[in-house]
Amino acid sequence: MAVALAPGLIHHPGYLDGDAQAALAGQLAAALRLAPPYTPRMPRTGRPFSVRMTNCGPLGWVSDEAGYRYQPTHPETGEPWPAIPGIARAAWDALARCAAPPEACLVNLYAPTARMGLHQDRDEAALDAPVLSLSLGAAALFRYGGLRRGDPTRSVRLDPGDALVIGGPSRLMHHGIDRVLPAGTDLLAARAPRPAFLPAGGRCNLTLRRVTAIPAPAAA
Ligand code: SIN
Ligand code: MN
């Protein structure tokens with residue numbers, strides 16, 4: 001059952017069941033062997049993020065002293081990013097209501113103490129396409145506000161298997177992760193083998209994004 005948290009901000013609790021979460025984790029484990037997680041750095045200061053990242057898809061979002069950007073290759077290996085996992089791509093087709101495919105799938109890996117400050121996803125030209133978030137592993141407290149940084153905020157718990165569509169009037173809302181919550185509902189915890197990229201108490205979030213402008217439909 002979908003819940004509209006705000007116009008265009010649609011929460012799908014438990015969108016991926018335990019089997020789908022395990023299958024997505026398997027697909028991700030294969031992708032991460034090709035595109036190993038790395039520690040991004042803040043623009044200018046070079047301060048490390050507390051979250052580790054990698055990407056799948058033709059483009060990947062990266063951050064370092066030179067700034068935020070999308071690029072077609074892994075910043076450390078120089079290799080193209082691997083394909084977006086099939087289960088994540090299927091979720092885009094089912095939930096994003098977007099005529100064009102996603103081009104980037106940012107993979108955020110949270111240790112139990114990691115967090116992500118309030119920010120906007122605004123490095124994409126296709127702001128008419130939503131961002132689709134899928135969560136695995138530990139639950140987390142997701143904070144969301146408005147278009148201005150100082151707008152009031154609320155929080156919602158994202159559990160493993162949850163999908164969140166960030167689109168329409170909410171596409172540019174500020175959001176972040178206050179904290180990863182202690183283990184409790186992590187269905188992958190009960191399954192063996194547990195993927196190495198998701199140790200106990202850790203969280204993984206995927207965000208699928210359309211980056212370049214969506215081509216206009218061909219004239220009939
Ligand atoms: C993000 O904003 O890139 C990630 C949000 C999340 O981890 O749920
Ligand atoms: Mn974001």
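Let me start with a term: a residue is called buried when its relative accessible area is under 20%. Keep that cut-off in mind. One more point before we go on: this is a predicted model.

First, the metal site. The manganese ion, ligand 2, is coordinated by three residues: H119 through NE2, D121 through OD and H175 through NE2. The distances run from 2.2 to 2.3 Å. Along the sequence, the donors follow the spacing H-x1-D-x53-H. So how far apart in the chain are H119 and H175? They are 56 residues apart, H119 in strand β7 and H175 in strand β12. The pair links distant parts of the chain.

Now apply the cut-off. Is H175 buried or exposed? H175 is buried, because its relative accessibility is 6%. H119 has 22% relative accessibility, so it counts as partly exposed.

Next, the pockets. The largest pocket has a volume of about 740 Å³. It is lined by 35 residues, and the closest to its centre are F49, Y68, M116, G117 and H119. You have met H119 already, as a donor to the manganese ion. Which strands supply at least two residues each to this lining? They are β6 (104-110), β7 (116-119), β8 (131-137), β12 (175-180) and β13 (203-209). By residue type, the lining divides into 16 nonpolar, 11 polar and eight charged.

On to the second largest pocket. Its space is about 190 Å³. Here 13 residues form the lining, and I10, L95, A96, R97 and V165 lie nearest the centre. Two elements give two or more residues to it: strand β2 (9-12) and helix α2 (86-95). This lining divides into seven nonpolar, four polar and two charged residues.

Last topic: cysteines. How many disulfides does a search of the whole structure find? Zero. Let's look at why, for two of the cysteines. Start with C98. Its closest cysteine sulfur is in C105, 15 Å away, so the two are too far apart for a bond. Then C204. Its closest cysteine sulfur is also in C105, at 8.3 Å, and that is again too far for a bond. The cut-off here is 2.5 Å between the sulfur atoms.

What about their surroundings? C204 is buried, with a relative accessible area of 0%. C98 is buried too, at 19%. The limit is 20%, so C98 falls under it.

To recap: a manganese ion held by H119, D121 and H175, a largest pocket with H119 among the residues closest to its centre, and zero disulfides.

Note on methods
Residues are numbered from 1 along each chain as its sequence is written. Chains are lettered from A and ligands numbered from 1 in the order in which they are written. This is a predicted model: local features need pLDDT of at least 70, side-chain atom pairs count only at pLDDT 80 or more; totals for chains, interfaces and linings use all residues. Side-chain values use heavy atoms; hydrogens and water are left out. On a 1 Å grid over the protein atoms alone, a cavity is a set of points where a 1.4 Å probe fits but cannot get out, and a pocket is an open set with protein on both sides within 12 Å along at least five of seven lines; lining residues have an atom within 4 Å of a point. Grid points are joined across faces, edges and corners, and a volume is the space filled by probe spheres set on the points. Helices (H or I, at least four residues) and strands (E, at least two) are DSSP runs, numbered from the N terminus. Ala, Val, Leu, Ile, Met, Phe, Trp, Tyr, Cys and Pro count as nonpolar, Asp, Glu, Lys and Arg as charged, and the others, Gly among them, as polar. Buried means under 20% relative accessible area, exposed over 50%, partly exposed in between (1.4 Å probe, protein chains only). Donors are N, O and S atoms within 2.8 Å of the metal (3.2 Å for Na, K and Ca); water is not among the atoms, so sites may look incomplete.
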